[in-house]
Amino acid sequence: MSGKKWDVSKMDEWTAEEFPRGATIPEAGNSADYVTGGWRSERPVRDESKCTQCLLCWIFCPDTSVRVEGEEVVGFDYDHCKGCGICAHECTFGAIEMVPEGCDLPEVK
Amino acid sequence: MAVEQKTVATTGNVLVAEAFRQCEPDVVAAYPITPQTTIVEEFAKFVAQGKVHTDYVTVESEHSALSACIGASAAGARVMTATSSQGLALMWEELHIASGMRLPIVMANANRALSAPINIHCDHSDIMGARDAGWIMYFAETAQEAYDNTLMALRVAEHPDVLLPALSALDGFITTHSIDRAEMFSDEDVAAFVGEYEPERALLDVANPVSHGTFAGLGGTFLEFKKAERNAMDSSMGVIKDVGAEFAELSGRPFDVIEGWGVEDADYVIVALGSTAGNARHVARELRSQGIKAGVLKIRIFRPFPFTEIAEALASAKAVAVLDRADSFGAEGGPLFLEIRSALFDAQKRPALVNYVYGLGGADVRLELMHQVFGDLADLADGVHEPGRLVYLGAR
């Protein structure tokens, strides 16, 4: 990879011929740029007092949206968490609750 | 000046297999189906004998065959395959995926009827099902043309300004299985003509990572991708002509997207695709010797459709018969008729047109039928018949 970031900032202005041919994406690892948090109807909320730091939620999350620092769960990546609830389902200690999204939406880009 | 070539007496299918071998595809994934079978059979033999270094993938269906071809092409390989009839029908969804992903796969099709009733013989019902799928379409009249078209199709498909898949169609049994005289290039001349394929974005190019087969369902970009595909198909006409001119120089065999016989001053013209052009030309020659101005227009490229070339070629005719070896049930005529009538709509001067659906499921295309059509055209020009009719030629 050239190291130069694929510039899609003007994508809305691209003509048909400016898109990569055949809808290819000429860059790797850019799914992080695509904010999918807005798809969520319920968000996971963790109760620190019940959490044993077993990391099962981190293992099971299909969107790598359980944030871990220093081998400890510190929260969720709400920019990419789609609210599937797998973390809450897998948590053996009932430490994760799915809370309906409402007017108090956390800020999503 | 044309290069030295070897004269051979063999079938259309063997010549297509030879063309494949000479193009040295990296991958061929195919499933056998009558009357395409001898193409892949012959090619498998070349692989087994070490005459070509191709990864030959035997698959469980045509759906899998074209899927494997798509994956291989996205990986950056030169890919070729062949099918027919039900096989092409089973590939239907992949046809659109190959063109939408802009993968220059070349596929030979042995034109054959679609079931039901079951039938293994020639018509164009299968290939016409691919007409809206974004594939360039070459039609061969003879085994020679099947060989030539396959080589040209690869050059055109892989051209950086095109990058679309291409079909090289030959008539089932009539062209696939009849022994014909043809000229074959040396392997070196074909290698030089087709060159090396350098993919624009290959999955196996790990230094330049790329995703293929992406989602364009949000934000309205799908329309733009399809517009780019339409533009590529339209502009491929120039590339087809350029490659054809280069091929003609190399082979000594003239090439054009449409090929007329006596059309310039003809009163009555038959338009046909594939092997039937020969039958029509034979009768046109007879009629010419009797002073009747008959002509034949053969369409060699069906996609992109040569609208302007056809409108010009037919401008001075009095009456024209379009021969369709497939029907488009419920439409005003067969697929070729619809295109030709559309091509003539904006023309200043246009002939009376009549449509014949003929030869379905290998129904004999006898010379008497060609006489009947030319006779009808004279009546049409004299106002005996109404124009625009659809006739099932030779049907009881």
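Helices and strands here are DSSP runs, with at least four residues for a helix and at least two for a strand, numbered from the N terminus. With that in hand, let's walk through this predicted model, starting with chain A. Chain A has 2 helices and 4 strands, and if you read along its sequence you meet them in the pattern β-α-β-β-α-β. Of its 109 residues, 17% count as buried. Now take the contacts in chain A with a separation of 6 or more: 68% of them join residues 24 or more positions apart.

Next, look at where the two chains touch. Chain A brings 12 residues to the contact, and chain B brings 19. On chain B's side, helix H9 (residues 222-251) gives the most, with 5 residues. Sorted by class, that side of chain B has 7 nonpolar, 7 polar and 5 charged residues.

Now on to chain B itself and one of its sheets. This open sheet has 7 strands in the order S3-S2-S4-S5-S7-S6-S12, and the pairing is mixed. S3 and strand S12 (301-303) of chain B sit at the edges with a single partner strand each, so one side of each has no neighbour in the sheet. On average, and ignoring direction, neighbouring strands of this sheet are turned by 20 degrees against each other.

Let's zoom in on a few of these strands. Strand S2 (residues 27-30) of chain B is covered on both faces: Val27(B) and Ala29(B) are buried on one side, and Val28(B) and Ala30(B) are buried on the other. S2(B) runs parallel to strand S3 (residues 55-58) of chain B, and 4 bridges join the two. If you want a spot to find by eye, Ala29(B) has Val57(B) in S3(B) as its bridge partner. Strand S4 (residues 79-83) and strand S5 (residues 106-111) of chain B also pair in the parallel sense, over 4 bridges. There, Thr83(B) has Asn109(B) in S5(B) as its bridge partner. Helix H7 (residues 143-158) of chain B packs on this sheet, touching S5, strand S6 (136-139) and strand S7 (166-171) of chain B. The direction of H7(B) makes about 170 degrees with that of S7(B).

Chain B also has an open sheet of 6 strands, in the order S9-S11-S10-S13-S14-S15, again with mixed pairing. Its edge strands are S9 (258-261) and S15 (390-392) of chain B, each pairing on one side only. Inside the sheet, strand S13 (residues 319-324) and strand S14 (residues 352-357) of chain B run parallel, joined by 6 bridges. Leu323(B), for instance, has Tyr356(B) in S14(B) as its bridge partner. Helix H11 (residues 307-314) of chain B packs on the sheet, touching S9, S10, S11 and S13 of chain B, and its direction makes about 10 degrees with that of S9(B). Helix H12 (residues 335-345) of chain B packs on the sheet too, touching S10, S13 and S14 of chain B, with its direction at about 145 degrees to that of S13(B).

Last stop: a pair of helices. The axes of H10 (residues 276-289) and H13 (residues 367-381) of chain B come within 9 Å and cross at roughly 60 degrees, so H10(B) and H13(B) are oblique to each other. The crossing is right-handed. From H10(B), Asn279(B), Ala280(B), His282(B), Val283(B) and Leu287(B) meet Leu367(B), Met370(B), His371(B) and Phe374(B) of H13(B). The residues of this contact divide into 6 nonpolar, 3 polar and no charged.

Conventions:
Residues are numbered from 1 along each chain as its sequence is written. Chains are lettered from A and ligands numbered from 1 in the order in which they are written. This is a predicted model: local features need pLDDT of at least 70, side-chain atom pairs count only at pLDDT 80 or more; totals for chains, interfaces and linings use all residues. Two residues are in contact if their C-beta atoms, placed from the backbone, lie within 7 Å. Ala, Val, Leu, Ile, Met, Phe, Trp, Tyr, Cys and Pro count as nonpolar, Asp, Glu, Lys and Arg as charged, and the others, Gly among them, as polar. Axes are lines fitted to C-alpha atoms, for helices over the stretch in contact, and angles run from 0 to 180 degrees between N-to-C directions. Angles under 35 degrees count as roughly parallel, over 145 as roughly antiparallel, 65 to 115 as roughly perpendicular and the rest as oblique. A crossing is left-handed if the near helix is turned anticlockwise from the far one by less than a right angle, and right-handed if clockwise. A residue is buried if 20 or more other C-beta atoms lie within 10 Å of its own, exposed if 12 or fewer, and partly exposed in between; C-beta atoms are placed from the backbone. Two strands pair if DSSP finds at least two bridges between them.
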